[in-house]
2 protein chains.
Amino acid sequence: MTSLKLGIAGLGHVGCGLVDLVQKQESLRLPGKVEIAGVTARNRNRNRPVSTDQYEWFDDATRLAEDDSINVFVELIGGSDGPAKVAVETALKSGKAVITANKALIAMHGQELAELARENGVDLLFEASVAGGVPVVRVLRDSLAGVEVKRVTGILNGTCNFLASEMLASRRPYDVVLAEAQRLGYAEADPTLDVSGMDAAHKAAILAAIAFSADLDFSKVAVRGVDGVELLDLDLADRLGLRIKLIAEGKITKDDEVVCRVEPLAMPTGHPLARVNGSLNMVRVEGEPLGAVTLTGPGAGPGPTASAVMGDVAKLFNPIARPAFGRAEHHGIRKFVFADTDERSAFFLRVRLADRAGALAELTEALAESGVSVDKLLQDSADENGAAPVAIVTHTCSRREMNDASERVRELESSVGQPQIMAIEDSTD
Amino acid sequence: MTSLKLGIAGLGHVGCGLVDLVQKQESLRLPGKVEIAGVTARNRNRNRPVSTDQYEWFDDATRLAEDDSINVFVELIGGSDGPAKVAVETALKSGKAVITANKALIAMHGQELAELARENGVDLLFEASVAGGVPVVRVLRDSLAGVEVKRVTGILNGTCNFLASEMLASRRPYDVVLAEAQRLGYAEADPTLDVSGMDAAHKAAILAAIAFSADLDFSKVAVRGVDGVELLDLDLADRLGLRIKLIAEGKITKDDEVVCRVEPLAMPTGHPLARVNGSLNMVRVEGEPLGAVTLTGPGAGPGPTASAVMGDVAKLFNPIARPAFGRAEHHGIRKFVFADTDERSAFFLRVRLADRAGALAELTEALAESGVSVDKLLQDSADENGAAPVAIVTHTCSRREMNDASERVRELESSVGQPQIMAIEDSTD
């Protein structure tokens, strides 16, 4: 397709996030133009963060799904059955591509919907149904199609991961932390789907079906949640070098069948999955001849989820011979330039100072004259040549100020050899 | 395309890895059949780990590139100019899709080659040119097309990362560790391209051009390597809570231009990039409304690189309406089954024991009767109800043995409440 006309069913947080992205598509890297041809939601008059008045309103999702004005149906209604399923089936039968963020729908009925899509020669895409903004569905399906996958493991439910991390960190029991998570919006008012492991199981089943070319049979997925995990367990495990995580897993048995399950696992603290705290998602794919690839990122939230839907939208443009660097026609093309000396950061500075009185004072004065001030300073004993290594972490300054300071430092009589200067990355993470 | 006929130019480690993958394609998830229609390399008679006698031999890469028997030209020769460039240009002009792992070629001439591909209506794909088996090119270009990328950072050279990690871990100077890395095959005989930062810069420039829709201008990439980093710097930084890493970075300036550079940065030890040790690669993409997504994996090696090439091959099949779960026609379809009780692992077991003589002996006997032996045991003081929590890490046993043991433990008179049992993940990482 060269021009996409979306019908969006569901205008909750993710739906509104998607409308917002369509409205600011000039800042994205889509291969062509996207329009919204129609929208539907339960309540037309709800107050929403984006304006949808300019789009044709449909009272019924199924009517939108079959309408001639759209060629892509985006299902953001939710629920494994009911209106979401009927509308998706209708869209596929009407020859519309379908994009959905609905993990329950795909886990329970993905197999038959995929068949329906195939019969009608249209795409059924569901990147947003697993791990939010982390593009693991397409990585597993397409990028790693040349890998024989042996195992997929992941942390696929941010609520469960937050609960377990937070219980241990704050030494508070399950009920207290859950109540707080609900207050903060990290857990639903009814948290059952999350804490029971069911939400993670939906996602795990989808990944396993893709990874192992398996018939998705959700009735064969074993599910255990975090609702039975006590602070005592987290604490004792911690003292034994283990971190308890709700892990989704898919792997192949020796009989070439697929085991898919969600259960709390005790991970050695050095394991990459053990280090994922808070509400992040992580997926690890192990296979031959690849080794292991790990993807980490925000597993939920309107922004990440809407961006995943938009990634699926981008895929629907005629994908033969896409521009090699993915450049969109409408883009003003940016230029590479050398680094901007106005950029600001803290810096690590290491010098060797001749071991004599006043050397350190001269160094700090040289910095001060360039407007660079010292946050931390560490001087070590002089080496065999009588030069004392000094390391400094500066306060934030510009690259220009630091370049100037390094010139002054180089000219100091007491400075031996070349100083070492490196920017320090923000610790915002 | 529905049937791909590859011409493979270059039969080094990666080329032979690719031939091997094509030969065992039945175990992969390709959407269709791949044939090798011709091969070429510098030396026909070299001893290779795979047989290539059954494929038509070409003495010259350019002849192969234009031959009617192929529709995909795979360039694994290397070098930014010379035969690789001529052959790729010839292939594109002859209407063949091109797949390359050649980062120098794409960094230096990607812009003009992309234009040539566009003019001829064919794909130019280069997933394997950046970060080996980590599929970041396609993630950035396609999956994240709906994200306004603000910054890309990465550890893109395994050799440099190994050198810095190993110097600090083993307290040995640069020259000694470099010599060891060369002996172990982690560094080339001539390591200049790696240690100067040039290899990472090629990859960074490719990612920046994609992320920011920018004209790739390698002359504007600032490059500094690890060859000037001393053990002293790593040590002092470590004592100040910083880890020195060779970081590739692309970002947008306030004038909407692109800064791309490679330089040693001091990272706070808690930062995800600071924790990447050894020869792994990591790429972090920050954008709106996504937040940050991180990909980690093997950045080099014949297997990972060949699998990335194969991922590009998979992309060339008619990509409209691919099977939703990516299932290949030729695949025997696997079945989901419940977990296999023969699976073996260590287990974490937590029980509460009535605080009386002999209780611990009964517990360990119950385990022994099921064939489960104790690796570590931690008993804590009794709680306010007089029950003492006991945590056990078992030696490896089967799930069946552990289920049996847990039945016995549940029946113990001294066992209070429900025991907690979790498998322990292998610490292989």
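Me: How many Å separate the centres of domain 2 and domain 3 of chain A?
Reply: Happy to help; this is a predicted model, where local features need pLDDT of at least 70, side-chain atom pairs count only at pLDDT 80 or more, and totals for chains, interfaces and linings use all residues. Residues are numbered from 1 along each chain as its sequence is written. Domain 2 of chain A covers 136-298 + 329-337 and domain 3 covers 344-423, with bounds from an automatic or database domain assignment. Taken over C-alpha atoms, the separation of their centres is 46 Å.

Me: What relation links chain B to chain A?
Reply: Good one! With copies superposed by least squares on the C-alpha atoms of residues with pLDDT of at least 70 in both, chain B lies on chain A with an RMSD of 0.1 Å after a turn of 180 degrees and a shift of 0.0 Å along the axis. That is therefore the relation of a two-fold axis.

Me: Which residue of chain B comes closest to the rotation axis?
Reply: Let's go by C-alpha position. At 2.3 Å from the axis, the residue is B:Leu295.

Me: How are helix 4 and helix 9 of chain A oriented to each other?
Reply: Helix 4 spans residues 103-120 and helix 9 residues 198-211; helices are DSSP runs (H or I, at least four residues), numbered from the N terminus. Their axes, lines fitted to C-alpha atoms over the stretch in contact (heavy atoms within 4.5 Å), come within 9 Å and cross at roughly 55 degrees, on a scale from 0 to 180 degrees between N-to-C directions. Angles under 35 degrees count as roughly parallel, over 145 as roughly antiparallel and 65 to 115 as roughly perpendicular, so the two helices are oblique.

Definitions and conventions: Chains lettered and ligands numbered in written order. Heavy atoms only, no water.
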